[in-house]
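Here's a walk through one protein chain, with an eye on its charged side chains and its strands. Have the structure open next to you as you read.

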Amino acid sequence: MGAEELDALLGDPWDEKNPLGYAAVLDADERHEMLAEGERLLDRFCMNAEFVPAAYGGRLTRADRLAGIQRTLWRRDPCLGLGYGLSSFIASVNIWTSGDEAQRSRAAELLLNNGRIAAAFHELDHGNDFANAEFTARRRDGRWLLTGRKEIVTNLRRAEAIVLFARTNEAAGSRSHSQFLIARDELPAAVRDVPRFLSSGMRGVALGGMDFTDCPVPADALLGAEGQGMESALRAYQITRAITPAVSVGPLDTALRAALGFTLERRLYGGTAADIPYVRAVIARAYADLLAIDAFSAVVLRALHLSPAIALYAPAAKYLTSQIALDAVEELRSVLGAQGYLRQGPYAIYQKMARDIAPATFAHISRTGCLVMILPHLPRLARRSWLKDSPAAEELFDLGGDLPPLEPGRLTVGVPPADALIGTLAEIGGREPDGGPVSRLAARFLDELHALRDACAALPPRDITIGAAPEAFALADRYTVLLAAASVLAVWDRAGDRYGEAELIGVLDRLAARLGGRSVLTAAERESTEERLFAAVTERHLDHKLFDLTARVTLG
């Protein structure tokens with residue numbers, strides 16, 4: 001069972017009689033409900049097996065396989081993708097990284113029987129600032145007593161088990177919180193459910209809350225060692241932050257497909273909307289943006305298996321790709337006009353994807369939180385690593401190539417010893433120039449690396465914390481663009497002619513635009529590139545192929 005099999009089971013999304021098609025998805029969204037037929041299908045597919053390591057009877061061996069399956073689901077309905085899928089995965093990763101054998105076995109059994117696990121980390125007053133979470137757990141008479149409130153937690157009412165983050169020590173610092181694995185049916189009746197939170201995006205996802213007052217749970221509910229809750233979360237986040245960018249390609253594919261279909265069918269001025277140069281350019285740029293997300297996230301997924309620098313690359317990918325996705329969706333809205341807002345009609349799926357992709361980009365951790373994870377490393381990397389490190393091994397860029405099994409328990413939160421992706425950028429950018437667009441764009445990124453190195457090396461200590469000046473955060477932003485550019489250059493370099501020169505030029509041009517400054521491409525080069533991109537994405541659309549690097553045939 002894989003992405004192709006799931007795609008076939010979901011059926012033609014444009015068939016109005018398909019109980020799993022877009023019409024049914026939109027009807028469920030209007031009712032603020034999960035698509036029930038979709039959940040029954042995922043039970044039969046045993047989607048939860050994708051979240052369970054093979055050692056415990058599941059199918060989780062490769063991060064890119066999991067991302068590909070989830071991407072297929074998110075193309076159809078992000079609410080199913082989060083509400084059935086990633087919510088349990090986000091919770092269970094903490095168990096695989098930190099739980100003991102008994103806890104892992106219990107979690108695996110629950111998931112393989114189509115149960116759910118909720119990740120109760122969030123408190124509205126503190127958001128992603130988990131270090132200041134107020135929910136407490138205190139030892140008493142051989143048990144733990146839980147007190148506090150958790151809010152905006154996916155599936156909290158529907159889950160059979162909960163991974164809960166709580167303060168276990170009043171002292172400041174990273175050792176003051178722990179995690180707990182709790183069976184929902186073992187909680188006393190005094191625990192009170194908070195009414196469901198309503199949202200504009202992900203309307204079918206059950207966002208709940210829960211109040212605890214001196215709620216007793218067994219001593220063995222502690223997940224990992226006491227005081228290691230933050231460390232466990234940071235290790236788990238490396239996986240989830242790497243997978244969510246790859247998954248976001250799914251709803252962007254659907255949004256782009258709807259917008260492109262509209263432009264090809266909409267009659268205007270004696271032709272179609274697709275005859276208008278501006279419209280073609282917007283479609284071409286969105287296609288390039290999708291490929292940028294796919295290439296960067298694919299490399300980061302492989303880094304989960306291969307690179308100790310994943311602690312740096314995962315938040316970078318989550319930060320940059322979420323902004324690219326948001327920008328692309330909003331730019332596509334400009335060609336749809338009123339159709340981009342309608343909740344009925346042949347293109348109504350666009351507005352749902354636009355609403356659903358927005359919370360997906362900040363859920364779990366905010367974009368600012370990702371930059372906060374990156375900032376402290378930049379001065380050291382600038383002084384000791386950049387322009388000195390060797391390039392990454394070629395296997396990091398061999399998409400679809402063999403990988404060692406994913407072992408969540410072996411991830412660390414330490415400072416990465418080197419930055420091989422930047423080493424790859426330095427190597428490719430430093431090659432003998434041939435005067436062509438790709439060579440000039442690579443040189444542009446190398447020039448940016450030199451400037452970024454000098455600026456980051458000079459950062460004072462106050463500018464590598466949450467209180468850093470906006471200019472420091474801007475440097476971290478630029479660093480993520482360079483990581484993406486390195487990934488794109490190396491993926492195309494490794495693949496030869498498989499992905500196309502126009503696509504490479506278009507993706508690099510879009511990334512370079514995020515750095516500002518003078519354009520590398522001439523106006524004629526950009527116009528030619530975007531015309532070729534529009535032709536390529538239109539051909540894929542008409543041939544029912546995905547817009548990502550796989551170009552796999554799909555049902556719609």
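How many salt bridges does the count come to? It comes to 45 salt bridges. Keep in mind that you're looking at a predicted model, and let's take a few of those contacts in turn.

**Salt bridges**

Three pairs are worth pulling up on screen, and here they are with the N-to-O distances.

| Pair | N to O distance |
|---|---|
| Arginine 184 and aspartate 193 | 2.9 Å |
| Arginine 431 and aspartate 493 | 3.1 Å |
| Glutamate 331 and arginine 285 | 3.6 Å |

Start with the pair in the last row: the side chains of glutamate 331 and arginine 285 meet in a salt bridge. Glutamate 331 sits in helix 10 (residues 310–336) and arginine 285 in helix 9 (residues 277–306), so this contact ties together parts that are 46 residues apart in sequence. Both ends are partly exposed: glutamate 331 has a relative accessible area of 23%, and arginine 285 comes in at 21%. The cut-off for buried is under 20%, so neither residue gets that label.

Now go to arginine 431 and aspartate 493, whose side chains also form a salt bridge. Here arginine 431 is in the loop between helix 14 (420–429) and helix 15 (437–457), while aspartate 493 belongs to helix 16 (residues 470–495), so the pair links parts that are 62 residues apart in sequence. Arginine 431 is partly exposed at 35% relative accessibility, and aspartate 493 is partly exposed too, at 43%.

As for the arginine 184 pair, its partner aspartate 193 is partly exposed, with a relative accessible area of 26%.

Some of these contacts join up into something bigger than a pair. Asp29, Glu30, Asp77, Arg203, Arg343, Lys352, Arg355 and Asp356 are linked in a network of salt bridges.

**A negative patch**

Which residues gather in a patch of negative charge on the surface? They are Asp100, Glu101, Glu160, Asp185, Glu186 and Asp220. One of them, glutamate 101, is found in helix 6 (residues 101–112).

**Strands**

Next up is strand 3 (residues 143–154), which pairs with strand 2 (residues 136–140). The two run antiparallel and are joined by five bridges. Across this pairing, arginine 140 stands opposite arginine 143, and arginine 139 faces tryptophan 144. In a regular strand, side chains alternate between the two faces of the sheet. The hairpin of strand 2 and strand 3 has two residues between the strands, and aspartate 141 takes a positive phi there, near 55°.

Strand 3 also pairs with strand 7 (residues 207–218), again antiparallel, with nine bridges between them. In that pairing valine 153 stands opposite glycine 208.

**A proline in a loop**

Where is proline 376 placed? You'll find this proline in the loop between helix 12 (367–374) and helix 13 (378–384). Proline 376 is partly exposed, with a relative accessible area of 37%. If you want a ruler across the model, try the C-alpha atoms of proline 376 and asparagine 169: they are separated by 26 Å, and the two residues are 207 residues apart along the chain.

Methods. Residues numbered from 1 in each chain as written. Predicted model: local features only at pLDDT ≥ 70, side-chain atom pairs only at ≥ 80, totals over all residues. Heavy atoms only, no water. Patch = residues over 30% accessible without salt bridge, like charges linked within 9 Å, V, L, I, M, F, W, Y side chains within 5 Å. Areas by Shrake-Rupley, 256 points an atom, 1.4 Å probe, with all protein chains shown as cover. Salt bridge = Lys/Arg side-chain N within 4 Å of Asp/Glu carboxyl O. Lys, Arg positive; Asp, Glu negative; His and termini not counted. Charge placed at Lys NZ, Arg CZ, Asp CG, Glu CD. Helix = DSSP H or I, 4+ residues; strand = E, 2+ residues; numbered from the N terminus. Buried < 20%, exposed > 50% of the residue type's maximum accessible area, 1.4 Å probe, protein only. Pairing = 2+ DSSP bridges.
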